[in-house]
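Subject: Handing over a structure

Dear colleague,

I am passing a structure on to you, with the sequence and coordinates placed just below. After them I set out what was found, beginning with the chain as a whole and then turning to its parts.

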Amino acid sequence: MSKITLTHKSKIAFVTDENGTILPTVQNFYNYCAERKLMGTKCMKCGAIICPPRTICPKCLKDKFEWIEFKGRGKLLTYTIIHFPPTQFQALAPYAVGIVKLEEGPQLSGMIKNVKVEEIRIGMPLQVDYETAIPKEWPRWARYFFKPE
Ligand SMILES: [Zn+2]
């Protein structure tokens, strides 16, 4: 895990406070995904590590965080196969959506790709990768997915 500077220079519009601090919002989480970084936050009071970020710490209810970069690796806790997806994902069906326990601790849900659905196993090591295209439909954020290591 490495800290990043908060005076972040990017073409992507990060949501910041009046001091230029990048706020712990879901939009900013996806802004980092567009930079191919899986970022979470660490509560500056109790040390809880949270991903995707929230504006309030679920453990101690404080609202001061620092961003930390995750390795993007974890193990599959559970998954489901989607056969009847929402319209925008219809071309992908059937596909798998899983919950991955990240090495840093948090559990993150996401699509599992680059593997046949029948070869997916609970406990398999997965790593985050990023879609190269920004979706045409809202929300037009860069998307991450999981794939086998
Ligand atoms: Zn906390």
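Of the 149 residues in the chain, 37% count as buried, and please keep in mind throughout that this is a predicted model. The chain has 1 helix and 9 strands, and from the N terminus on these elements follow the order β-α-β-β-β-β-β-β-β-β. When one looks at contacts between residues at least 6 apart in sequence, 48% of them join residues that are at least 24 apart.

The helix is a good place to start. In helix 1, which covers 26–34, the residues Asn28, Phe29, Tyr30, Asn31, Tyr32 and Cys33 are buried, and the buried residues of this helix pack against strand 2 (39–43), strand 4 (65–69), strand 7, strand 8 and strand 9. After the helix comes Arg36, which has a positive phi, near 60 degrees.

Two of these helix residues can be described in more detail. Asn28 counts as buried because its relative accessibility is 0%, where the cut-off is under 20%. Its side chain reaches two backbone atoms: the nitrogen of Val15 at 2.7 Å, and the oxygen of Leu23, also at 2.7 Å. Once neighbours within four places in sequence are left aside, Asn28 is in contact with Ala13, Phe14, Val15, Ile22, Leu23 and Trp67. Phe29, with neighbours within four places left aside in the same way, is in contact with Leu38, Met39, Cys51, Pro52, Pro53, Trp67, Leu108 and Tyr144.

Phe29 also leads to the largest nonpolar core, which has 22 residues and in which Phe29, Leu38, Leu102, Leu108, Ile112, Tyr144 and Phe146 have the most contacts. At least two residues of this core come from each of helix 1, strand 6 (95–102), strand 7 (107–112), strand 8 (125–130) and strand 9 (144–148).

Which residues does Leu102 touch, if those up to four places away in sequence are not counted? They are Leu38, Cys51, Phe70, Arg73, Gly74, Leu108 and Phe146. Leu102 lies in strand 6 and, because its relative accessibility is 2%, it counts as buried. Leu102 and Leu77 are 25 residues apart in sequence, while their C-alpha atoms are 9.9 Å apart in space.

Is Pro94 buried or partly exposed? Pro94 is partly exposed, with a relative accessible area of 41%, and its place is in the loop between strand 5 (73–82) and strand 6. Not counting residues up to four places away in sequence, Pro94 touches Ile81, Ile82, His83 and Val117. Val117 is 23 residues from Pro94 in sequence, and the two are 7.9 Å apart in space, C-alpha to C-alpha.

Finally, there is a pocket to look at. The second largest pocket has a volume of about 260 Å³ and is lined by 12 residues, among which Thr21, Leu23, Asp63, Lys64 and Phe65 lie nearest its centre. The lining divides into 7 nonpolar, 2 polar and 3 charged residues. Leu23 is thus a residue to view twice, since its backbone oxygen is also the atom that the side chain of Asn28 reaches.

With kind regards

Technical notes: Residues are numbered from 1 along each chain as its sequence is written. This is a predicted model: local features need pLDDT of at least 70, side-chain atom pairs count only at pLDDT 80 or more; totals for chains, interfaces and linings use all residues. Side-chain values use heavy atoms; hydrogens and water are left out. A nonpolar core is a set of buried Ala, Val, Leu, Ile, Met, Phe, Trp, Tyr and Cys residues joined through side-chain atoms within 4.5 Å. Buried means under 20% relative accessible area, exposed over 50%, partly exposed in between (1.4 Å probe, protein chains only). Helices (H or I, at least four residues) and strands (E, at least two) are DSSP runs, numbered from the N terminus. Contact means heavy atoms within 4.5 Å. A polar contact is a pair of N or O atoms within 3.5 Å; within protein, one must be able to donate a hydrogen and the other to accept it, and residues adjacent in sequence count only if both atoms are side-chain atoms. On a 1 Å grid over the protein atoms alone, a cavity is a set of points where a 1.4 Å probe fits but cannot get out, and a pocket is an open set with protein on both sides within 12 Å along at least five of seven lines; lining residues have an atom within 4 Å of a point. Grid points are joined across faces, edges and corners, and a volume is the space filled by probe spheres set on the points. Ala, Val, Leu, Ile, Met, Phe, Trp, Tyr, Cys and Pro count as nonpolar, Asp, Glu, Lys and Arg as charged, and the others, Gly among them, as polar.
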